[in-house]
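Good morning, colleagues. I would ask you to look at the sequence and the structure together while I take you through a few of their features.

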Amino acid sequence: MELGLVGLGKMGGNMRERIRRAGHTVVGYDRNPDLADVHSLEELVGKLKGPRVVWVMVPAGAATQSTVDELAQLLSPGDVVVDGGNSRWTDDEKHAEELAAKGIGFVDCGVSGGVWGLENGYALMYGGDAEHVARVQPVFDALKPEGEFGSVHAGKVGAGHFAKMVHNGIEYAMMQAYAEGWELLEKVDSVENVREIFRSWQEGTVIRSWLLDLAVNALDEDEHLAQLRGYASDSGEGRWTVEAAIDNAVPLPAITASLFARFASRQDDSPQMKMIAALRNQFGGHAVEKK
C-alpha cells in the first residue's frame, strides 16, 4: 500500500525504512529537508492515491494539533489519519471528532520499540473503528515484531494511546526498581562486582527482562555510571498515568513513587530535606549540615 509519513526523526525515520523493507511505498515529510521525500504536507498528500492513509509521527501537543489541522484541510472524505506519537488519549477523541466532521477517519497508535525497532519491530497498540484500522493493517503488520504477538486493536479511539501510557507507567516503575537495587548493591562494601550480578540475573531469574539487558549494556559501557549525572526527565506519560489513576480511583503506589523519584533527581539541594533536617534537630538534637 501507499503511506504518507509525517515526522522522520529517530522513530519515524526507522519506521519508514522498515515499512519500505516490507514492500510498501512511503512518502515522508519532515521539516528537515535532508530527511524528507517531499517539501510540504500539500505535496505529500498530492503524491498519494486516494483513499489515502497519512501517519503522523511528531511530538505530542501543539505539533500534532497543527499537523492534524493542516491535514484536515488537505485530505478528502474516506482518507485516514493515524497519530503514532505519544499523544494524550483525550486529544485523540478531539482529533477524531474534528476529522469525522470532514469524513476523514482517525486511528491512534501507541508505538514502543525506540531505536531498536528497525530490526526488532515495534510493539503497537491502536484504537479506532474497525474499518479504519483495517485500512492501516498492512502497515501495522509491517511494523510489528515477527511472531503472533506484538500488536493489538485495544479498543475505541484513544484506547491505543491509553494502553501505551499505562505501558510507560509500568516501565517507570520497573526502571526505578532496577535503579534502587543497583544503588544498594553499589553501596555495600562486601559486594565487589555489581555489573556481573546484574549480568547473572539475565538467565533463569524471575526479574530478567529487556530492561535488565539494557542495564547490563549500560554498565558494560560505564561500569559504575560515573560519567552520568543523576538526572532523569519525564516525557509526560508517567504523569498522565497517575492522573488517570486518580480520576478512576485506582491505586498506583509503585508507578506514582517512580514518577516522584524523577522529580527528586532534579534537585541538587532538596528543600524538603532541609525541613526534615531542621525538624530532626529540633525534636532530637540531631546534627545538621550547614552550607
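There are 15 salt bridges in this structure, which is a predicted model. I shall take three of these pairs in turn.

Let us begin with Arg20 and Asp37, whose side chains form a salt bridge with an N to O distance of 2.9 Å. Distant parts of the chain are linked by this pair: Arg20 belongs to helix H1 (residues 10-21), whereas Asp37 sits in the loop between strand E2 (25-29) and helix H2 (41-47), and the two are 17 residues apart. Arg20 is partly exposed, at a relative accessible area of 33%. Asp37 is likewise partly exposed, with 35% relative accessibility.

The next pair is Arg266 and Asp234, and their salt bridge spans 2.6 Å, N to O. Where do Arg266 and Asp234 lie? Arg266 is found in the loop between helix H11 (253-264) and helix H12 (271-284), and Asp234 in the loop between helix H9 (210-221) and helix H10 (237-247), so the salt bridge ties together parts that are 32 residues apart in sequence. Is Asp234 buried or exposed? Asp234 has a relative accessibility of 15% and therefore counts as buried, since the cut-off for that class is under 20%. Its partner Arg266, at 28%, counts as partly exposed.

The third pair, Arg195 and Glu196, meets through its side chains at 3.4 Å, N to O. Glu196 counts as partly exposed, with 29% relative accessibility. Arg195 and Glu196 also belong to a network, joined with Arg199, Asp220 and Glu223 by salt bridges that share partners.

I turn now to the surface. Val115, Trp116 and Trp210 make a nonpolar surface patch of about 340 Å². Of these residues, Val115 is exposed, with 57% relative accessible area, and is located in the loop between strand E5 (105-112) and helix H5 (117-120).

Next come the pockets. The second largest pocket holds about 340 Å³ of space. Its lining consists of 13 residues, and those nearest its centre are Lys274, Ala277, Val288, Glu289 and Lys290. By character, the lining comprises 5 nonpolar, 3 polar and 5 charged residues.

Finally, the chain as a whole. The protein chain has 12 helices and 7 strands. Its C-alpha atoms fill a box of roughly 75 × 40 × 35 Å along the principal axes. Of its 291 residues, 40% count as buried. Thank you for your attention.

Terms used:
Residues are numbered from 1 along each chain as its sequence is written. This is a predicted model: local features need pLDDT of at least 70, side-chain atom pairs count only at pLDDT 80 or more; totals for chains, interfaces and linings use all residues. Side-chain values use heavy atoms; hydrogens and water are left out. Patches are made of residues with over 30% relative accessible area and no salt bridge: like charges are joined within 9 Å, nonpolar side chains (Val, Leu, Ile, Met, Phe, Trp, Tyr) within 5 Å. Accessible areas come from the Shrake-Rupley method with a 1.4 Å probe; for residues, only the protein chains shown count as cover. A salt bridge is a side-chain nitrogen of Lys or Arg within 4 Å of a carboxyl oxygen of Asp or Glu. Helices (H or I, at least four residues) and strands (E, at least two) are DSSP runs, numbered from the N terminus. Buried means under 20% relative accessible area, exposed over 50%, partly exposed in between (1.4 Å probe, protein chains only). On a 1 Å grid over the protein atoms alone, a cavity is a set of points where a 1.4 Å probe fits but cannot get out, and a pocket is an open set with protein on both sides within 12 Å along at least five of seven lines; lining residues have an atom within 4 Å of a point. Grid points are joined across faces, edges and corners, and a volume is the space filled by probe spheres set on the points. Ala, Val, Leu, Ile, Met, Phe, Trp, Tyr, Cys and Pro count as nonpolar, Asp, Glu, Lys and Arg as charged, and the others, Gly among them, as polar.
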